[in-house]
Amino acid sequence: MHENREISCASWSKDQDRSAKAINRTADAHAQEKSDCAIVPLNRSNKEVQASAEVGEGRAQTEENIVQSHMSPTQSGKHMSQGLGGLQEVATKRKQERFTALLHHITVHLLRDSFSPYGGELRQAVDGMMWREYETGLEDRLVDLHNRVHRRTYRARPSRRVYIPKTDRRQRPLGIAALEDKIVQQAVVTILNRIYKVDCKGFFLRIPSGTGPASGAGRTVCGADPEAGELGARCDIRGFFDNMSHEWTMKFIEHRVADRRILRLIQKWLKAGVSEDGQWSETNMGTPQGAVVSPLLANVYLHYVFDLWLEAWRKKVAMGDVIVVRYADDLVLGFQYRTDAERFLRDFQERLVKLGLELHPDKTRLIEFGRFAFRDRERRGEGKPEAFVFLGFTHYCGHLRSSGAFTVWRITATKRMVAKLKAIKGELRRRKHHRTSEVGEWLRKVIVGYYQSVPAPCRAR
């Protein structure tokens, strides 16, 4: 197992080292390391060369403070820092690397980028702080937050428990974090994403920044091969976010992250507890849905629990082809043979039990789905093939009108569409005394937003 270490550059010369150690055997204890962040004067001489470089994580050497970065921008249009670019490069080349120095990537600049998506909003965090209020004197606040994180005096606050209605009329618990917790969590997620985005298997659904699950997932599922499987398995892990083991979560993170300071931050968020109706309660397991860091922790958890295990299972056990699409804890699989599908459900259930998890009995089922489903079910007199709902879309078998070839049709799930239409109807009633032009402009935004976020093959017909 390789480790990413930052070597000391404390020595001036051998003679100086010997004389210093003769006086004090810990003379190098507080010497500046290569990763130490020195305060650089604003007007540095152009002839002065800065020799500091982090070769351990592949950070490019900085020649002068006036040289502009030539790295390509990210999807959001913002330029990626040299350090994070080197981090991703090392993670790509060294699959067994354990990163021991990551905290120094949390800079004031990264904290500012982590706050910027929320800047100007009026939403109130759990600590009573408004985003717009925090934006007043933002630089001083971020410098103070940066210092607390690096001095280890930063304290995570309990998340506030709120409930939102689900389409099946049940309540989904969410955890609303404090404002500064969201900022620091987003900074840590930005760093760790450089590592884990190269580790994830191809069947894990990664949603590009700026798009929602409905958009990214719909385009990926709609692009899946409709003839790759004859039997489908729709799986859902019961209460996954609420039952994630903290112990296993940290073990999985430690496979790639060895910086104890980053690990300590994650432990603080997991153990911060929940505040509900003014009462604090301890959290011994699970991660709050709604927390910025939760999707990352969930995907890392399932990367080791499901992705790697399934990769080995379909090579050693499966007799036919297996296709997989996973988004968080929602899974859809296609099998060539029924025996493979039935054995997968048994083996996966056994694996989850070892980790204190289980498949949801009502949402996990085998589905006869594929190009031969029409023929086989008609032969048995069972009617049309079954359909299934995945990420807000109902998927069902069909044929093209032009050629009669098999295809998979996808429409917005009925419950979601009905709920949305009711909400629009209620809003139209509320605006009935407004000007027609204003109502029309609002309705236009709703419709345009739907057509922009939902892929064409997945829209309601």
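This is a selection-by-selection tour of a predicted model, starting from the whole chain and ending at its enclosed and open spaces.

**Whole chain**

Show the chain as a cartoon: 15 helices and 13 strands make up its secondary structure. Colour by burial next; 41% of the 461 residues count as buried. Among contacts with a separation of 6 or more, 66% join residues 24 or more positions apart.

**The largest nonpolar core**

Select L333 and F344. In the largest nonpolar core, which has 75 residues, these two touch the most other members. Then add helix α11, residues 294-316, which contributes 12 residues to this core, the most of any element.

Keep L333 and display its surroundings. Leaving out residues up to four places away in sequence, L333 touches L231, G232, A233, C235, F306, L310, I323, V324 and F344. A separate core of 10 residues lies apart from this one, and V325, I367, L391 and C397 are among its members.

**Helix α12**

F344 leads to the next selection, helix α12, residues 338-354. Its end C-alpha atoms are 25 Å apart, which agrees with the 24 Å expected for 17 residues at 1.5 Å a residue. Show the side chains of D340, A341, F344, L345, D347, F348 and L352, which are buried in α12. Residues three or four places apart on an α-helix point the same way, because there are 3.6 residues a turn.

What do the buried residues of α12 pack against? Select β5 (231-236), α11, β9 (330-335) and β10 (365-368) to see these partners. Just after α12, stop at G356, where phi is positive at about 75°.

**Helix α6**

Move to residues 179-196, helix α6. The distance between its end C-alpha atoms is 25 Å, in agreement with the 26 Å that its 18 residues should span at 1.5 Å a residue. Is this helix largely enclosed or largely open? Of its 18 residues, 15 are buried, so α6 is largely enclosed by the rest of the structure.

**I106**

Select I106, in the loop between β2 (98-99) and α3 (108-115). I106 counts as buried because its relative accessibility is 0%. Add A187 and draw a line between the two C-alpha atoms: the separation is 6.5 Å, although the residues are 81 apart along the chain. Beyond its neighbours within four places in sequence, I106 is in contact with L111, H146, V149, H150, V188, I191, I262 and L265.

**The second largest cavity**

V149 and L265 reappear here, as part of a cavity lining. The structure has 2 cavities of 30 Å³ or more, and the second largest has a volume of about 80 Å³. To outline it, select L103, R148, V149, R152, T153, Y154, R261, R264, L265 and K268. Helices α5 (138-151) and α10 (260-271) each supply at least two of these residues; α10 gives the largest share, 4 residues. By type, the lining holds 4 nonpolar, 1 polar and 5 charged residues.

**The second largest pocket**

Finally, turn to the second largest pocket, with about 330 Å³ of space. Centre the view on S159, V274, T283, T287 and P288, which are the closest to the pocket centre of the 28 lining residues. Next, highlight β3 (159-165), β4 (171-176), α6, α8 (240-243) and α10, the elements that each give two or more residues to the lining. This lining divides into 15 nonpolar, 9 polar and 4 charged residues.

Methods:
Residues are numbered from 1 along each chain as its sequence is written. This is a predicted model: local features need pLDDT of at least 70, side-chain atom pairs count only at pLDDT 80 or more; totals for chains, interfaces and linings use all residues. Side-chain values use heavy atoms; hydrogens and water are left out. A nonpolar core is a set of buried Ala, Val, Leu, Ile, Met, Phe, Trp, Tyr and Cys residues joined through side-chain atoms within 4.5 Å. Buried means under 20% relative accessible area, exposed over 50%, partly exposed in between (1.4 Å probe, protein chains only). Contact means heavy atoms within 4.5 Å. The expected span of a helix is 1.5 Å times one less than its number of residues. On a 1 Å grid over the protein atoms alone, a cavity is a set of points where a 1.4 Å probe fits but cannot get out, and a pocket is an open set with protein on both sides within 12 Å along at least five of seven lines; lining residues have an atom within 4 Å of a point. Grid points are joined across faces, edges and corners, and a volume is the space filled by probe spheres set on the points. Ala, Val, Leu, Ile, Met, Phe, Trp, Tyr, Cys and Pro count as nonpolar, Asp, Glu, Lys and Arg as charged, and the others, Gly among them, as polar.
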